[in-house]
Amino acid sequence: MDGTIVKGIAGFYYIKVNNKIIECKSRGKFRHDELSPMVGDRVDILLQGDTGVIEKIYPRSSRIIRPAVSNVTQAIVVFAVKNPDINEELLNKLLVSCEFNNLKAIVCFNKLDLELSDKEKSIEDMVKSAGYEVIFLKAKEGYGIDKIKERLKGEITVLCGPSGVGKSTILNHIAGKELMETGVISDKLKRGKHTTRHSELIEIDGGFIVDTPGFSSFKIDFIEAEELQYYFPEFKNYLGSCKFTSCLHYKEPNCGIKKMVEEGLINRKRYNFYLKMLDEILNKKNIIR
Ligand SMILES: Nc1nc2c(ncn2[C@@H]2O[C@H](COP(=O)(O)OP(=O)(O)OP(=O)(O)O)[C@@H](O)[C@H]2O)c(=O)[nH]1
Ligand SMILES: [Mg+2]
Ligand SMILES: [Zn+2]
């Protein structure tokens, strides 16, 4: 029998098999492969009465750390237009992190019922110029939720973004009545969440979605300086046009990326963010050396 691990608590794993959740233990042998089951894993299980044993973990297509979930295919990056204000740098860092982890990213701006100013408009332009889809929401009223639901089928989606932007509100609306029960359970679990740090996949509309606790800062300086450019999708078409193949698009002459920034084909805010991250990465290296 094969299924997907939707939750793991204290050595027990909960596997969704067809329409049932089966509680399983893991076989010890995975430890030799330094592989222990994690939420998101596709597994084979052996039934022993009502419970089971995980026999096999299928190869993972991806693995994210916070929350620890495998096989995630997509991220819904949530910010609020107000309360709290959009942190542009954090937004860009999350987008780079999505590219690094090979996740499709969709950006949602929630709380559209609150005032929308030129600042949000320019951030929307920036995000769209990098090729990302933008969805506006009034999650509290359920507005825009249907657009998100359309994107969930066949995906394992992670909801991420700062605290208080409305991620859990979105998830509750997506799930509707069905989750109300799950909501009660995960409310209970949420209390333990800070200590156990487990995450749970919720099956909706032919896909899985996982909520995450919000965060306010985020580092991406583990990325190599030479690789950073590949996590800016809007650079891709122009990367061959620099004079030097090793160009980092910083101080080098005849840089195709800088030229595109001058011509307005690459968003200047995104380019400035790229430079800032590059600087952080290079400085970090200096300290280690
Ligand atoms: N005005 C307005 N408030 C909203 C909207 N959606 C959510 N909120 C409110 O924003 C607050 C935070 O919502 P949550 O869903 O808990 O936010 P979260 O992103 O899950 O926060 P963390 O769990 O701390 O990461 C709540 O008071 C919600 O009622 C909206 O569309 N408009
Ligand atoms: Mg929440
Ligand atoms: Zn260049």
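Here are legends for a set of close-up views of this predicted model.

**Figure 1. The whole chain, before we zoom in.** Start with the full protein, which has 289 residues, 47% of them counting as buried. Its secondary structure comes to eight helices and 13 strands. If you take the contacts between residues at least 6 apart in sequence, 67% join residues at least 24 apart. On the confidence side, the mean pLDDT is 88, with 89% of residues at 70 or more. One stretch to watch is residues 177-196, where the pLDDT is below 50, although the model still gives this stretch 17 contacts beyond near neighbours in sequence. Where pLDDT is low, the predicted coordinates are not something to read in detail.

**Figure 2. The zinc ion (ligand 3) and its four donors.** Who holds the metal? Three cysteines and a histidine do the job: Cys 242, Cys 247 and Cys 255 each through SG, and His 249 through ND1. The distances run from 2.1 to 2.4 Å. The angles between the donor atoms span 101 to 115 degrees, so the arrangement is tetrahedral. For reference, the ideal tetrahedral angle is 109.5 degrees. Read along the chain, the donors follow the spacing C-x4-C-x1-H-x5-C. The unreviewed UniProt entry carries a "binding site" annotation that covers Cys 242, Cys 247, His 249 and Cys 255.

**Figure 3. Cys 247 and His 249, two zinc donors in one loop.** Cys 247 sits in the loop between helix 6 (225-228) and helix 7 (256-262), and His 249 is in the loop between helix 6 and helix 7 too. Are these donors buried or exposed? Cys 247 has a relative accessibility of 2%, so it counts as buried; His 249, at 1%, is buried as well. Another donor, Cys 255, is buried with a relative accessible area of 6%. Setting aside residues within four places in sequence, Cys 247 contacts Gln 229, Cys 242, Glu 252 and Cys 255. With the same neighbours left out, His 249 touches Gln 229, Leu 239, Cys 242, Cys 255, Ile 257, Lys 258, Tyr 271, Tyr 274 and Leu 275.

**Figure 4. Asn 110, a buried polar side chain in a strand.** Asn 110 belongs to strand 9 (residues 104-110). With a relative accessibility of 3%, it falls under the 20% cut-off and therefore counts as buried. What does its side chain meet there? A polar atom of the Asn 110 side chain lies 2.8 Å from the backbone oxygen of Val 165. Beyond its neighbours within four places in sequence, Asn 110 is in contact with Val 78, Phe 79, Ala 80, Val 81, Leu 137, Lys 138, Ala 139, Val 165 and Gly 166.

**Figure 5. Glu 120 in helix 2.** Helix 2 covers residues 118-129, and Glu 120 is part of it. This acid is buried, with 5% relative accessible area. Which residues does Glu 120 touch, not counting those up to four places away in sequence? The list is Val 81, Lys 82, Ile 86 and Glu 115.

**Figure 6. Leu 201, between a helix and a strand.** Leu 201 is in the loop between helix 5 (177-196) and strand 12 (202-204). At 3% relative accessibility, Leu 201 counts as buried. Along the chain, Leu 201 and Lys 7 are 194 residues apart, yet their C-alpha atoms are separated by 6.6 Å. Leaving out residues up to four places away in sequence, Leu 201 touches Thr 4, Ile 5, Val 6, Val 39, Gly 40, Val 69, Ile 156, Phe 208, Ile 209 and Val 210.

**Figure 7. Lys 149, partly exposed in helix 3.** Our last stop is Lys 149 in helix 3 (residues 145-149). Its relative accessibility is 31%, so it counts as partly exposed. Lys 149 and Ile 204 are 55 residues apart in sequence, with 8.3 Å from C-alpha to C-alpha. Apart from residues up to four places away in sequence, Lys 149 touches Ile 174 and Asp 205.

How values were computed: Residues are numbered from 1 along each chain as its sequence is written. Chains are lettered from A and ligands numbered from 1 in the order in which they are written. This is a predicted model: local features need pLDDT of at least 70, side-chain atom pairs count only at pLDDT 80 or more; totals for chains, interfaces and linings use all residues. Side-chain values use heavy atoms; hydrogens and water are left out. Donors are N, O and S atoms within 2.8 Å of the metal (3.2 Å for Na, K and Ca); water is not among the atoms, so sites may look incomplete. Four donors count as tetrahedral if all angles lie between 85 and 135 degrees; four count as square planar and six as octahedral if opposite donors are over 155 degrees apart and all others between 65 and 115; anything else is irregular. Buried means under 20% relative accessible area, exposed over 50%, partly exposed in between (1.4 Å probe, protein chains only). Helices (H or I, at least four residues) and strands (E, at least two) are DSSP runs, numbered from the N terminus. A polar contact is a pair of N or O atoms within 3.5 Å; within protein, one must be able to donate a hydrogen and the other to accept it, and residues adjacent in sequence count only if both atoms are side-chain atoms. Contact means heavy atoms within 4.5 Å. pLDDT is the predictor's confidence in each residue, from 0 to 100. UniProt positions are given in the numbering used here, feature names are shortened, and annotations may be inferred rather than shown by experiment.
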